Amino acid sequence: MTLTPKRAQDSVIQMTELVLPNDTNTFGNLMGGRLMYWMDIAAALATMKHCSAPVVTASVDNISFETPIKLGNVVHIEAKVSRAFSTSMEVHLRVWGEDPVQQYRYKSNEAFMTFVALDPNGKSRKVPQIIPDTEEEKQLYEGAMRRRQLRLILSGKMKPQDAEELRALFI
């Protein structure tokens, strides 16, 4: 079965949430776990939009919390598939906070997550490839192979000497 490649832009999901008291820690900041939960949902929606199939989270790369999002602020999450491999897809996420009273937006964090598409039997299935259009999409697409190899090495699924894309950076 041949799958038609899709544009990266066609997978974009934008999600908005309001930070309520139940979402915060004792400092009045959005709890990291709640933000990761929302990011996981946004990334799942982007990958399902791309592959038209159910998906599961395979990995979450480092998530650094640059700026806390306060109680009463708005969270904006943008998720977009940056590259599709055989059955897995890497998603790039950006998160901003917004103070609706002072009316300013600020970057909270960025992350990459990987999802795998499933067939009706719960087995992995092939996904369409990504066509990057913009310069930024092309940079994310190119870097995805190195990030993938690093994830595979860290999970014990690849030997460091087999990571050709990563080796090329150091040789």
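Aromatic contacts, largest pocket and backbone in a predicted model

Visitor: Over which ring does the charged end of Arg83 sit?
Guide: The model is a predicted one. For an arginine, a charge counts as sitting over a ring when CZ is within 6 Å of the ring centre and within 35 degrees of the ring normal. The charged end of Arg83 lies 4.1 Å from the centre of the ring in question, and that ring belongs to Tyr141.

Visitor: How far from the ring centre of Phe85 is the charged end of Arg148?
Guide: The charged end of Arg148 is placed over the ring of Phe85. Both Phe85 and Arg148 also appear among the residues that line the largest pocket. The distance from the charged end of Arg148 to the ring centre of Phe85 is 4.5 Å.

Visitor: Is the pair of Tyr104 and Tyr106 stacked, edge-to-face or tilted?
Guide: The count of aromatic pairs comes to 1. Its members are Tyr104 and Tyr106, with 5.7 Å centre to centre and 45° between the planes. Planes under 30 degrees apart count as stacked and those over 60 as edge-to-face, so the rest fall into the remaining class. The pair of Tyr104 and Tyr106 is therefore tilted.

Visitor: Which residue is buried, Tyr104 or Tyr106?
Guide: Buried means under 20% relative accessible area. Tyr104 has 43% and is partly exposed. With a relative accessible area of 13%, the buried residue is Tyr106.

Visitor: Which element gives the most to the lining of the largest pocket?
Guide: The largest pocket holds about 250 Å³ of space. Elements that give two or more residues to its lining are β3 (55–60), β6 (104–117) and α2 (135–154). With 3 residues, the element that gives the most is α2.

Visitor: How many residues of the lining of the largest pocket are charged?
Guide: The lining includes Arg148, Arg151 and Lys157, and Asp, Glu, Lys and Arg count as charged. Among the other lining residues are Ala58, Ser59 and Thr114. The division gives 4 nonpolar and 5 polar residues, while the number of charged ones is 3.

Visitor: Where is Ser52 placed?
Guide: Ser52 is not a glycine, yet its phi is positive, at about 55°. At 58% relative accessibility, Ser52 counts as exposed because the cut-off is over 50%. Its place is in the loop between α1 (32–51) and β3.

Visitor: Is Gln103 buried or exposed?
Guide: Gln103 also has a positive phi, about 55°, although it is not a glycine. Gln103 is found in the loop between β5 (88–99) and β6. Since its relative accessible area is 68% and the cut-off is over 50%, Gln103 is exposed.

How values were computed: Residues numbered from 1 in each chain as written. Predicted model: local features only at pLDDT ≥ 70, side-chain atom pairs only at ≥ 80, totals over all residues. Heavy atoms only, no water. Phe/Tyr/Trp six-rings, centres within 6.5 Å; stacked < 30°, edge-to-face > 60°. Buried < 20%, exposed > 50% of the residue type's maximum accessible area, 1.4 Å probe, protein only. 1 Å grid on protein atoms, 1.4 Å probe; cavity = no way out; pocket = protein on both sides within 12 Å on 5 of 7 lines; lining within 4 Å. Points joined across faces, edges and corners; volume = space filled by probe spheres on them. Helix = DSSP H or I, 4+ residues; strand = E, 2+ residues; numbered from the N terminus.
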